[in-house]
Amino acid sequence: MLYFSRLKTALILGACILGVLLSIPNLFAEPSGGLPWRTIRLGLDLRGGSYLLMEVDMGAVIKERLNGLADGARRALERAHVRPYALVIQPAQDRLLVKPGDPAQRDAASAALKGLQATEQQGIGARPDLEIQETPEGVAVALSQTALIERATQAVQQSIEIVRRRIDETGVVDPIITRQGRDRIVVQLPGINDPDRIKQLLGKTAHMTFQLVDESANPAAPVPPPGVAFLPLTDKPGQKLAVFKRVEVDGGDLTDARAGQNPQTGDWVVNFTFNSVGARRFADVTRQNVGHPFAIVLDNKIISAPVIREPITGGRGQISGNFTAASATDLSVLLRAGALPAPLTVVEERSIGPELGADAIRAGAISLGVGFVFVIVFMGLFYGLFGWIANLALVFNLFLMLAILSLLQATLTLPGMAGILLTLGMAVDANVLINERVREETKLGKKPLAALEAGYKRAYATIIDSNVTTLLAHITLFIFGSPPVRGFAVTICVGIITTIFTATVLVRLITARWYIARRPAQLPV
């Protein structure tokens, strides 16, 4: 009980001093000298910022899937020599309808379309991705309910990842991006009070494709030829260009995109790089189509359609247009982050001003200070000197908590501040147990040293058990809880760890030093 080696004493005191030093950066602005300056970051409710609730367009996801099925159906019907036929995409019914021109070919069409059926193994057995249905109008290829649910889940998860990448590219600190419900995403941006640029970045699907131009088609025609689409030009409003629907190279094969300036003209451009698959495909297409225009399409709008002068075999290219520095940078951010599987629309938008955040910090600090004072007064009045020793340890407990949260660069929210206050109240529970046990041993007539030894020894197991069970409960909250609940759980978990140290180690060290110095005949409890 009383023995602490010099090394152990130095480690304990060193940990306390280090905790104080690591907490200090939270009181000052970060210097410009490049010093390591880790601080606790403030969440949306304390710092102010923007809240966006965005919805994934599931209709676009289904339509894209049906368009892919239509291409596969055309190839399957051609191989089966089923002609003529008509393909009708019916997004409202989640299906593709095939109408053979000759009713006698219905069976052949049905057999050919069954080859499109795909199964996804999940656990035991297989679940069909497509359902072939015979209807009075023809043969329908319908997406199964299982396929629709899985595709919706994948679209939301992929959208969350891409949204996170796009926001990270803008330099926003500590964004919170979570799923809400079946097809919605919550985006919280601390410190961003004007999220217009973020909304523009998130609102673009950014699906880039490279498609050949149909030079024989007339864009002024009322209906494009089969396999051709009339797409608008971004730099020439009102004008369209005929491009083949076939995608020669997909933007998903891009590995990098950077804004830059053309050294000859000084205009802003976007330089891009393909992976090995994209580079090989890009080289083949440009080699086979020298002298023909090659359209660069972004979200069904043509950015530019330069003429291929020579084969491009290096896997690198350049997108030119009427770019400014900001628009070129934004486009490069979108291309690096990847394309969204479906458009996102802002359903709800809220802004929290810095004044409201300051008010929340002020209210939280007042509640924290009042609670801290009540705890200190209670311990001092009820346990005398040992209560004031516990209060000293409580101060270092607070410093250690702030130090660990600073090292983790944790985001502090109002629930987190509540967690700190609750931890301070729980922290003295261990000292209450020890002091009550020491008081009982003293009443039984034991000498001061024996009473201290018995009090710490018998209370130790109870302290560890109660704190470990509480720690496990809050780890579960962190794993399964929402962001506010996770912030609360983090502060509690850190507080439990520092509480065990200060209550069972630091208080015992201070008590031992006091006893050795005073050698009291009676304990002040």
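Visitor: Is Asn300 buried or exposed?

Guide: In this predicted model, Asn300 is exposed, because its relative accessible area is 56% and the cut-off for the exposed class is over 50%. Asn300 sits in the loop between E17 and strand E18 (301–304).

Visitor: What is the sign of phi at Asn300?

Guide: The general idea comes before the case. Most residues other than glycine have a negative phi, and most peptide bonds are trans. Asn300 is not a glycine, yet its phi is positive, at about 65 degrees.

Visitor: Which residue in the loop between H3 and E3 may be read in this way?

Guide: His81 is located in that loop, between H3 and E3. The phi of His81 is near 60 degrees, a positive value in a residue other than glycine. With a relative accessible area of 55%, His81 is exposed.

Visitor: Which residues does a cis peptide bond join?

Guide: Most peptide bonds are trans. Here, a cis bond links Arg83 to Pro84, and omega is about 0 degrees. Pro84 belongs to the loop between helix H3 (58–79) and strand E3 (85–90).

Visitor: Helix H3 precedes that loop. Where is Asn67 found, and how far is Asn67 from Ile89 in space?

Guide: Separation along the chain and separation in space are read as two values. Asn67 is part of helix H3. Asn67 and Ile89 are 22 residues apart in sequence, and their C-alpha atoms are 7.5 Å apart. Asn67 counts as partly exposed, because its relative accessibility is 33% and that class lies between the cut-offs of 20% and 50%.

Visitor: How far apart are Leu334 and Pro84?

Guide: From C-alpha to C-alpha, Leu334 and Pro84 are 42 Å apart, with their positions 250 residues apart in sequence. Leu334 lies in helix H8.

Visitor: Is Leu334 buried or exposed, and which residues is Leu334 in contact with?

Guide: Leu334 counts as buried, at 1% relative accessibility. When neighbours within four places in sequence are left aside, the contacts of Leu334 are Arg166, Leu201, Lys204 and Ala206.

Visitor: Which residues is Leu335 in contact with?

Guide: With neighbours within four places in sequence again left aside, Leu335 is in contact with Met208, Leu254, Ala257, Val270 and Ile319. Leu335 also appears in the reading of the largest nonpolar core.

Visitor: Which residues of the largest nonpolar core touch the most other members?

Guide: A core can be read first by its members and then by the elements that supply them. This core has 25 residues, and those touching the most other members are Met208, Phe210, Val270, Phe274, Ile319 and Leu335. At least two residues each come from strands E11 (208–212), E15 (254–261), E16 (268–274), E17 (294–298) and E19 (316–323), and from helices H7 (276–288) and H8 (325–337). H8 gives the largest share, four residues.

Visitor: At what angle do helices H10 and H11 pack?

Guide: A helix pair is read from the angle, the axis distance and the residues in contact. Helix H10 (residues 414–443) packs against helix H11 (residues 448–480) at about 150 degrees, and the axes are 8 Å apart. H10 is therefore roughly antiparallel to H11, and the crossing is right-handed. On the H10 side, the contact includes Met426, Ala430, Leu433 and Arg437; on the H11 side, the residues include Tyr456, Arg458, Ala459 and Ile463. By class, the contact of H10 with H11 has eleven nonpolar, four polar and three charged residues.

Visitor: How do H11 and H12 pack?

Guide: Their angle is about 170 degrees and their axes are 9 Å apart. This makes H11 roughly antiparallel to H12. The contact of H11 with H12 comprises 21 nonpolar, six polar and two charged residues.

Visitor: At what angle do H1 and H12 cross?

Guide: Helix H1 (residues 6–23) and helix H12 (residues 483–518) cross at roughly 120 degrees, and their axes come within 11 Å. H1 and H12 are therefore oblique to each other, and their crossing is left-handed. H1 contributes Lys8, Thr9, Ile12, Leu13, Ala15 and Cys16, while H12 contributes Phe501, Val505, Leu506, Arg508, Leu509 and Arg513. The contact of H1 with H12 divides into eight nonpolar, one polar and three charged residues.

Terms used:
Residues are numbered from 1 along each chain as its sequence is written. This is a predicted model: local features need pLDDT of at least 70, side-chain atom pairs count only at pLDDT 80 or more; totals for chains, interfaces and linings use all residues. Side-chain values use heavy atoms; hydrogens and water are left out. Axes are lines fitted to C-alpha atoms, for helices over the stretch in contact, and angles run from 0 to 180 degrees between N-to-C directions. Angles under 35 degrees count as roughly parallel, over 145 as roughly antiparallel, 65 to 115 as roughly perpendicular and the rest as oblique. A crossing is left-handed if the near helix is turned anticlockwise from the far one by less than a right angle, and right-handed if clockwise. Contact means heavy atoms within 4.5 Å. Ala, Val, Leu, Ile, Met, Phe, Trp, Tyr, Cys and Pro count as nonpolar, Asp, Glu, Lys and Arg as charged, and the others, Gly among them, as polar. A nonpolar core is a set of buried Ala, Val, Leu, Ile, Met, Phe, Trp, Tyr and Cys residues joined through side-chain atoms within 4.5 Å. Buried means under 20% relative accessible area, exposed over 50%, partly exposed in between (1.4 Å probe, protein chains only).
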